[in-house]
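Got your viewer open? Load the model, switch on side chains, and we'll take a walk through it together.

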Amino acid sequence: VDGSGQVFRNVKANATAPLDVEPVAGHVYVAGLDWARDVDYTCMIVIDATTRQMVAIDRFNQVDWALQRSRVKALASRWNVSIIWAESNSIGSVNIEALQADGVPVKPFQTTAQSKAPLIDGLAAALEQGSLAIQNDADLVRELLAYRVERLPGGGYKYGAPPGGHDDTVIACALALYEIGRASCRER
């Protein structure tokens, strides 16, 4: 099979994070959140920044916004998440403001053509280098393997799922990893 356009390599080799884990005292947990409601899925992924292992995923659709925020808040509380980077495009900003008003440590991430490339490249590098263990979640693995990049006529690149596919877990995972990269930069 021609691999041109495929963004993520070593996906299955990095799908080694345990599925049934509990929070560990002293570890730092971060999350990424991609909003959706009807066709796409809302997805939140939690990563243990201390061990660089994915520890939780919640993916759902056709759920009203209030219940979505409640699920996000519950998962963040269970893992004592220090920060959630949430996509703020479209309805995201309203939901982020509501979560912030409830004391949830969520920050907006505006996804644009310029901000998406480094976000996705960071996740691709972590998987390539084996520096992030993901859970062997069927939706996550499928979305990572299907994710593509296309060179545009103007010289730029377009990242995304193939037609009819989803990229919700990809974005959530990349946003969680984004905070780990930011923290590493601050430590230097």
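What follows is a tour in stops, each with something to select and a note on what is there. One thing to keep in mind on the way: this is a predicted model.

**Stop 1: a salt bridge from the early chain to a helix**

Let's start with charges. Across the whole structure, a search turns up 8 salt bridges. For one of them, select R9 and E128, whose closest N and O atoms are 3.1 Å apart. This pair ties together distant parts of the chain: R9 belongs to the segment before β1 (29–34), while E128 sits in helix α3 (residues 113–129). The two are 119 residues apart. Turn on a surface and check both ends. R9 is exposed, with a relative accessible area of 52%, and E128 is partly exposed, at 38%.

**Stop 2: a salt bridge with both ends buried**

Stay with helix α3 and pick K116 in it. Its partner is D167, and their side chains meet in a salt bridge at 3.9 Å, N to O. D167 is in the loop between β7 (157–160) and α5 (168–187), so to speak a new address for the tour. The pair again links distant parts of the chain, with the two positions 51 residues apart. Are these two residues buried or exposed? Both K116 and D167 are buried, so you may want to hide the surface to see them.**Stop 3: a small network around helix α4**

Next, select R142 and D139. Their side chains form a salt bridge, 2.2 Å from N to O. Both residues lie in helix α4 (residues 138–146), 3 residues apart, or about one turn of the helix. D139 is partly exposed, with a relative accessible area of 22%. Now widen the selection by adding R59 and E143: together with D139 and R142, they are linked in a network of salt bridges.

**Stop 4: charges over rings**

Keep R59 selected and add Y41. R59 lies over the face of Y41, at 3.7 Å from the ring centre. For another example, bring up R71 and F60. The charged end of R71 sits over the ring of F60, 3.9 Å from its centre.

**Stop 5: rings that meet**

Time for the aromatics. The search of the whole structure finds 5 aromatic pairs. Select Y29 and W79 for one of these: the rings are 5.1 Å apart, centre to centre, with 55° between the planes, and the pair is tilted. Y29 is in strand β1, and W79 is in the loop between α1 (65–78) and β4 (83–87). That is another link between distant parts of the chain, with the residues 50 apart. Y29 and W79 are both buried.

Now move to F109 and Y178. What kind of pair do their rings make? The centres are 5.1 Å apart and the planes are at 75°, so this pair is edge-to-face. F109 is in strand β5 (residues 106–109) and Y178 in helix α5, 69 residues apart along the chain. F109 is buried, with a relative accessible area of 7%, whereas Y178 is partly exposed at 28%. Add W85 to the selection as well: W85, F109 and Y178 form one aromatic cluster.

**Stop 6: the second largest pocket**

On to a pocket. Select R148, V149, E150, K158, Y159, G160 and A161, which line the second largest pocket. The volume of this pocket is about 150 Å³. Which strands each supply at least two residues of the lining? They are β6 (148–151) and β7. Colour the lining by class and you get 3 nonpolar, 1 polar and 3 charged residues.

**Stop 7: two loop residues with positive phi**

Last, a look at the backbone. Select R52, in the loop between β2 (42–48) and β3 (53–60). Phi of R52 is near 60°, a positive value in a residue other than glycine. R52 counts as partly exposed, at 26% relative accessibility.

Then go to N80, in the loop between α1 and β4, where you already met W79. N80 also has a positive phi, near 50°, and is not a glycine. With a relative accessible area of 63%, N80 is exposed.

Notes: Residues numbered from 1 in each chain as written. Predicted model: local features only at pLDDT ≥ 70, side-chain atom pairs only at ≥ 80, totals over all residues. Heavy atoms only, no water. Salt bridge = Lys/Arg side-chain N within 4 Å of Asp/Glu carboxyl O. Helix = DSSP H or I, 4+ residues; strand = E, 2+ residues; numbered from the N terminus. Buried < 20%, exposed > 50% of the residue type's maximum accessible area, 1.4 Å probe, protein only. Phe/Tyr/Trp six-rings, centres within 6.5 Å; stacked < 30°, edge-to-face > 60°. Lys NZ or Arg CZ within 6 Å of the ring centre and 35° of its normal. 1 Å grid on protein atoms, 1.4 Å probe; cavity = no way out; pocket = protein on both sides within 12 Å on 5 of 7 lines; lining within 4 Å. Points joined across faces, edges and corners; volume = space filled by probe spheres on them. Nonpolar A, V, L, I, M, F, W, Y, C, P; charged D, E, K, R; others polar.
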